[in-house]
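Visitor: I have a model open and would like to talk through its packing. Could we begin with the helices?

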Amino acid sequence: MQNFEMELVNSFNKFFEEKKIKAIAYRRKQAKFADQFCDVLVDSGHSEFYLAIENKSVNLNSTKKLYFSQHFHCNERDQLERITDFLEKSGRKGFLALEIREGRGKLKRAFLIDWEVIWEKYQNGEKGLDLTQIKKLKGIKELKRQSKYYLMG
C-alpha cells in the first residue's frame, strides 16, 4: 500500500513539475494514536488541485468487491464519514485511489474515483464497489502507467 501511495505522490508531483503548476502532493506521516484523514494530500492555490485522496489496494484474486466494512476502518466513527466530514470542512476535492492487483506477473491497474461516488454508494446502503464493473462507474478515471509513474494529465 505505501508503495502505491508514494507512486501516486511522485506521479502527481512529476505532473505538476512538467505542467509548471504550483501544487505539491505529499503523504502525512502516520502516528499510532493520531487520525490521518486521508493518505495523500495535494495543496495548491488552484482549486482543481486542492485534493484529499484515500488509497486502497486490493487483490482481485482474493476479492471481487471493495467492501466498505472490510477495507475501510470502522472504529468509533466510520472512516468513510470522517473523510467526508474532512472534505466538507477543508473544501478539498476528494478521491479514492484504487489499485487493483491480479497477482504475480500481471500489471497493476489504478483508478481515481470521485469521493462523491463512494459516499453515495455508502449512503444508499451498498456493501461496496464491484471491482469487475469498476470501469462502468461515473466519476472514474483509469490511471495509465508509464514506467514507474501514473499519467495524471
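Visitor: At what angle do the axes of helix H3 and helix H4 cross?
Guide: This is a predicted model. In it, the axes of H3 (residues 79-90) and H4 (residues 115-123) cross at roughly 135° and come within 11 Å. Because angles over 145 degrees count as roughly antiparallel and those from 65 to 115 as roughly perpendicular, that crossing makes H3 oblique to H4.

Visitor: Is the crossing of H3 and H4 left-handed or right-handed?
Guide: The crossing of these two helices is left-handed.

Visitor: Which residues make the contact?
Guide: H3 contributes Leu 80, Glu 81, Ile 83, Thr 84 and Leu 87, while H4 contributes Trp 115, Ile 118, Trp 119 and Tyr 122. Sorted by class, the contact has seven nonpolar residues, one polar and one charged.

Visitor: Turning to the interior, how many residues has the largest nonpolar core?
Guide: The largest nonpolar core has 24 residues, and Ile 113 and Ile 134 have the most contacts inside it.

Visitor: Which elements give two or more residues to this core?
Guide: They are strands E3 (51-59), E5 (93-101) and E6 (109-114), together with helices H3 and H4. H3 supplies the largest share, four residues.

Visitor: And what does Ile 113 touch?
Guide: Leaving aside residues up to four places away in sequence, Ile 113 touches Gly 94, Phe 95, Leu 96, Leu 98, Ile 118, Leu 129, Ile 134, Gly 139 and Ile 140.

Visitor: What lies apart from the largest core?
Guide: Another core lies apart from it, with 21 residues, among them Phe 16, Val 40, Phe 49 and Met 152.

Terms used: Residues numbered from 1 in each chain as written. Predicted model: local features only at pLDDT ≥ 70, side-chain atom pairs only at ≥ 80, totals over all residues. Heavy atoms only, no water. Axes fitted to C-alpha atoms, helices over the stretch in contact; angles between N-to-C directions. Parallel < 35°, antiparallel > 145°, perpendicular 65-115°, else oblique. Left-handed = near helix turned anticlockwise from the far one by under 90°. Contact = heavy atoms within 4.5 Å. Nonpolar A, V, L, I, M, F, W, Y, C, P; charged D, E, K, R; others polar. Core = buried A, V, L, I, M, F, W, Y, C linked by side-chain atoms within 4.5 Å. Buried < 20%, exposed > 50% of the residue type's maximum accessible area, 1.4 Å probe, protein only.
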